[in-house]
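Me: Could you walk me through this structure a piece at a time? I'm new to this, so I'll keep asking as we go.

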Amino acid sequence: MSTALFDLSGRTALVTGSSRGLGRAIAEGMAKAGARLIINGVDPARVETAVAEFRAAGHKADGAAFDVTDEAAIVATFERFDREGIAVDILVNNAGIQRRKPLVEFTTDEWRKVIETNLTSAFVIGREAAKRMIPRKRGKIVNIGSLGSELARPTIAPYTAAKGGIRNLTRSMAVEWAQSGIQANAIGPGYMLTDMNEALMSNPDFNNWLMSRIPSKRWGKPDELVGAAIFLASEASNYVNGQIIYVDGGMLAAM
Ligand code: NDP
């Protein structure tokens, strides 16, 4: 079967938070599908290491270390891309953080930090990317949501609010930019094995609860997001807009 519909050759993809975790797996998958990658994270050393590893594997990759909550750094990065002739064809808004505590104990600063990292960043980076995609009449935006885009669990209120926001920000991007040839969709990963879930993975009570609920009876592996990511970044999804695809081992269907 021809895979031309899913070919990302000639495309440049910026994946935020791709120095490790799910973003890294998505970036590797897109690189294998032919895309040139721009690797991002807050820690410049981690970004540099990831870029070196991508290049050693024969992929085209460059680094852009910036904090996704730093608007000035985001604007400066896109201006640098303009000067260097780098056109971002695919944006994956993936960078995110988690903070766990009872809702009444969250300070307003902690709330803001989670909302700014997980939601406002997708707006600001999406806006800067779309400003440049609109005149080109082409672009793919993939926002990373969560089961928290649909459901709540105790102790993660700001995260759930942000991820619910991602669902509707994705819809807003889709309806505003569809006529400019842009498709904006989201992926909602289930429980995946990454650093973010270290506390949950090592908690036997949580593990027992998860295994009793999840139809697949196992955690997800980061590279299991790659298929959905390539689909949403490629020509294969040109008439798919404003959707969120859950890659969750059937968890949402069973709740
Ligand atoms: P990790 O903690 O494993 O990795 C987070 C990545 O984001 C790192 O590359 C980190 O960079 C980067 N990052 C964090 N904060 C910032 C920031 N302010 N600016 C730039 N980069 C930043 O997380 P996951 O891979 O698990 O999660 C990735 C995304 O997937 C998040 O949006 C998360 O909410 C979502 N998700 C994860 C699930 C899971 O089960 N793991 C489930 C559902 C959704 P650095 O290395 O420099 O710290």
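Reply: Let's begin in a loop, the one between strand S5 (139-144) and H5, where threonine 155 is found. Please keep in mind throughout that this is a predicted model.

Me: ok, what is phi for threonine 155?

Reply: Threonine 155 has a positive phi of about 80°, although it is not a glycine. That deserves a remark, because most residues other than glycine have a negative phi.

Me: and is threonine 155 buried, exposed or partly exposed?

Reply: Its relative accessibility is 35%, so threonine 155 counts as partly exposed. Buried would mean under 20% and exposed over 50%.

Me: what about lysine 217, where is that found?

Reply: Lysine 217 is found in the loop between H7 and helix H8 (226-233), and its phi, near 60°, is again a positive value in a residue other than glycine.

Me: you mentioned H7, so which residues are buried there?

Reply: In helix H7, which covers residues 204-213, the buried ones are Phe206, Asn207 and Leu210. They lie on the same side of H7, because the arc they cover around the axis is only 100°. In general, an α-helix has 3.6 residues a turn, so residues three or four places apart point the same way.

Me: what's on the other side of H7, and what do the buried residues pack against?

Reply: Pro204, Asp205 and Asn208 are exposed on the other side of H7, while the buried residues of H7 pack against two helices, H6 (198-201) and H9 (251-254).

Me: which residue caps the N-terminal end of H7?

Reply: That is asparagine 203, which has a side-chain oxygen 2.9 Å from the backbone nitrogen of aspartate 205.

Me: switching topic, at what angle do H3 and H4 pack?

Reply: Helix H3 (residues 71-84) and helix H4 (residues 108-136) pack at an angle of about 25°, and their axes are 10 Å apart. With that angle, H3 is roughly parallel to H4, and the crossing of the two helices is right-handed.

Me: which residues of H3 and H4 meet?

Reply: On the H3 side they include Ile74, Val75 and Phe78, and on the H4 side they include Val124, Ile125 and Ala129. Charged side chains take part too, among them Glu71 and Asp82 in H3 and Arg127 and Arg132 in H4.

Me: and how does H4 pack with H5?

Reply: H4 and helix H5 (residues 157-177) pack at an angle of about 15°, with 8 Å between their axes. That makes H4 roughly parallel to H5, and H4 passes H5 in a right-handed crossing. Among the residues of H4 that meet H5 are Trp111, Leu119, Phe123 and Arg127, and among their partners in H5 are Tyr159, Ile166, Leu169 and Trp177.

Me: let's look at single residues, where is asparagine 185 and is it buried or exposed?

Reply: Asparagine 185 is in strand S6 (residues 182-189), and because its relative accessibility is 0%, asparagine 185 counts as buried.

Me: what lies around the polar side chain of asparagine 185?

Reply: One polar atom pair joins the side chain of asparagine 185 to the backbone oxygen of valine 240, at 2.9 Å, and another joins that side chain to the backbone nitrogen of glutamine 243, at 2.8 Å. Not counting residues up to four places away in sequence, asparagine 185 also touches other residues, including Ile141, Thr170 and Leu232.

Me: and arginine 11, which side chain does it make a polar contact with?

Reply: The side chain of arginine 11 makes a polar contact with the side chain of glutamate 235, at 2.9 Å. Arginine 11 sits in the segment before strand S1 (12-15), and at 18% relative accessibility arginine 11 counts as buried.

Me: last one, what does isoleucine 26 touch?

Reply: Isoleucine 26, in helix H1 (residues 21-32), touches Val92, Ile144, Leu225, Val226 and Ala229, leaving out residues up to four places away in sequence. Isoleucine 26 is buried, with a relative accessible area of 1%.

Conventions:
Residues are numbered from 1 along each chain as its sequence is written. This is a predicted model: local features need pLDDT of at least 70, side-chain atom pairs count only at pLDDT 80 or more; totals for chains, interfaces and linings use all residues. Side-chain values use heavy atoms; hydrogens and water are left out. Buried means under 20% relative accessible area, exposed over 50%, partly exposed in between (1.4 Å probe, protein chains only). Helices (H or I, at least four residues) and strands (E, at least two) are DSSP runs, numbered from the N terminus. The arc is that of the directions from the helix axis to the C-beta atoms. Contact means heavy atoms within 4.5 Å. A polar contact is a pair of N or O atoms within 3.5 Å; within protein, one must be able to donate a hydrogen and the other to accept it, and residues adjacent in sequence count only if both atoms are side-chain atoms. Axes are lines fitted to C-alpha atoms, for helices over the stretch in contact, and angles run from 0 to 180 degrees between N-to-C directions. Angles under 35 degrees count as roughly parallel, over 145 as roughly antiparallel, 65 to 115 as roughly perpendicular and the rest as oblique. A crossing is left-handed if the near helix is turned anticlockwise from the far one by less than a right angle, and right-handed if clockwise.
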